[in-house]
Amino acid sequence: MEIYICKVCGHIEFGTAPDVCPVCHAAKAAFQKNNSIFEDSAKDNSEGIKKHTPCVITRKDALIEEGPSTNVKVRIGEVLHPMLENHFIHFIDCYIDGKFTARAEFSPEAIYPATDFYITKTSGKVTIVERCNLHGYWRTDVNL
Ligand SMILES: [Fe+2]
């Protein structure tokens, strides 16, 4: 599947570039194709992989009882990624069946690189994408 990156905000789209970026509303022309963006980041080293690959747990949860829901819990790194002023996790994005649904955006101040998403699906593929300001893009795919 093709991968397009918004040059304005760093958002990734799978498949085709959208008419408008769903995160920063930049026009289609702001998207640049780079199908090897995840492989490029992982060329780093084994410590880089341990510190950057999203760890994902999915489960049924009682918080949302109004409809079907899955709780998608994410932390960045089997070895927790640092959150320093010059080196931190910028965002964690959630996709369902390749379609962007939500972003958790971080500052390096007083927070761990972890978040929860509550999605309306109980089947399909969840993709978590994270961006480190120094070490680029990393992903984990989970089938519900
Ligand atoms: Fe990093």
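This report describes a predicted model of a protein chain with an iron ion.

## Basis of the model

The model is predicted, with local features requiring pLDDT of at least 70 and side-chain atom pairs counted only at pLDDT 80 or more, while totals for chains, interfaces and linings use all residues. Residues are numbered from 1 along each chain as its sequence is written, and side-chain values use heavy atoms, with hydrogens and water left out.

## Overall architecture

The protein chain contains two helices and ten strands. These elements are DSSP runs numbered from the N terminus, with helices being H or I runs of at least four residues and strands E runs of at least two. In sequence order the pattern is β-β-β-α-α-β-β-β-β-β-β-β.

The C-alpha trace of the protein chain spans about 40 × 35 × 25 Å along its principal axes. A compact globule of 144 residues would have a radius of gyration near 15 Å, and the protein chain agrees with this at 15 Å. The radius is taken over C-alpha atoms, and the globule rule is 2.2 Å times the number of residues to the power 0.38. Of the 144 residues, 43% count as buried. Here buried means under 20% relative accessible area, exposed means over 50%, and partly exposed lies in between, computed with a 1.4 Å probe on protein chains only.

## Iron site

Five residues coordinate the iron ion: His52 through NE2, His81 through NE2, His87 through NE2, Cys132 through SG and His135 through ND1, at 2.1 to 2.4 Å. Donors are N, O and S atoms within 2.8 Å of the metal (3.2 Å for Na, K and Ca); water is not among the atoms, so sites may look incomplete.

The donor residues are spaced H-x28-H-x5-H-x44-C-x2-H in sequence. Because His52 lies in helix α2 (residues 46-52) and His135 in the loop between β9 (125-132) and β10 (136-143), this pair ties together parts that are 83 residues apart in sequence. The two ligands also have their own accessibility classes: His52 is buried, at a relative accessible area of 2%, whereas His135 is partly exposed, at 27%.

## Strand pairing

Strands β2, β1 and β3 form an open sheet in the order β2-β1-β3, with antiparallel pairing. Its edge strands, β2 (12-14) and β3 (31-33), each pair on one side only. The average twist is 30° from one strand to the next; axes are lines fitted to C-alpha atoms, for helices over the stretch in contact, and angles run from 0 to 180 degrees between N-to-C directions. Pairing requires at least two DSSP bridges between two strands. Strand β1 (residues 3-6) is joined to β3 by three bridges, and Cys6 stands opposite Phe31 in β3.

Elsewhere, strand β5 (residues 70-76) has antiparallel connections to two strands: six bridges join β4 (residues 54-59) to β5, and six bridges join β5 to β8. Ile57 stands opposite Lys73 in β5, while Val74 stands opposite Thr115 in β8. Strand β5 is mostly covered, with five of its seven residues buried.

## Aromatic and cation-ring contacts

There are four aromatic pairs. Rings of Phe, Tyr and Trp (its six-membered ring) pair if their centres lie within 6.5 Å; planes under 30 degrees apart count as stacked, over 60 as edge-to-face and the rest as tilted. Phe14 and Phe38 are stacked, because their ring centres are 6.5 Å apart and their planes are at 15°. Phe14 belongs to strand β2 and Phe38 to helix α1 (residues 37-42), so the pair links parts of the chain 24 residues apart. Both residues are buried, with relative accessibilities of 10% for Phe14 and 9% for Phe38. Ring pairs join Phe14, Phe38, Tyr95 and Phe100 into a cluster.

Two arginine side chains place a charge over a ring, defined as NZ of Lys or CZ of Arg within 6 Å of the ring centre and within 35 degrees of the ring normal. The charged end of Arg103 sits over Phe91, 3.6 Å from the ring centre, and that of Arg139 over Phe38, 5.1 Å from the ring centre.

## Backbone features in loops

Most residues other than glycine have a negative phi. His25, in the loop between β2 and β3, has a positive phi near 70° and is exposed, at 60% relative accessible area. Ala110, in the loop between β7 (99-105) and β8 (114-119), has a positive phi near 50° and is likewise exposed, at 84%.
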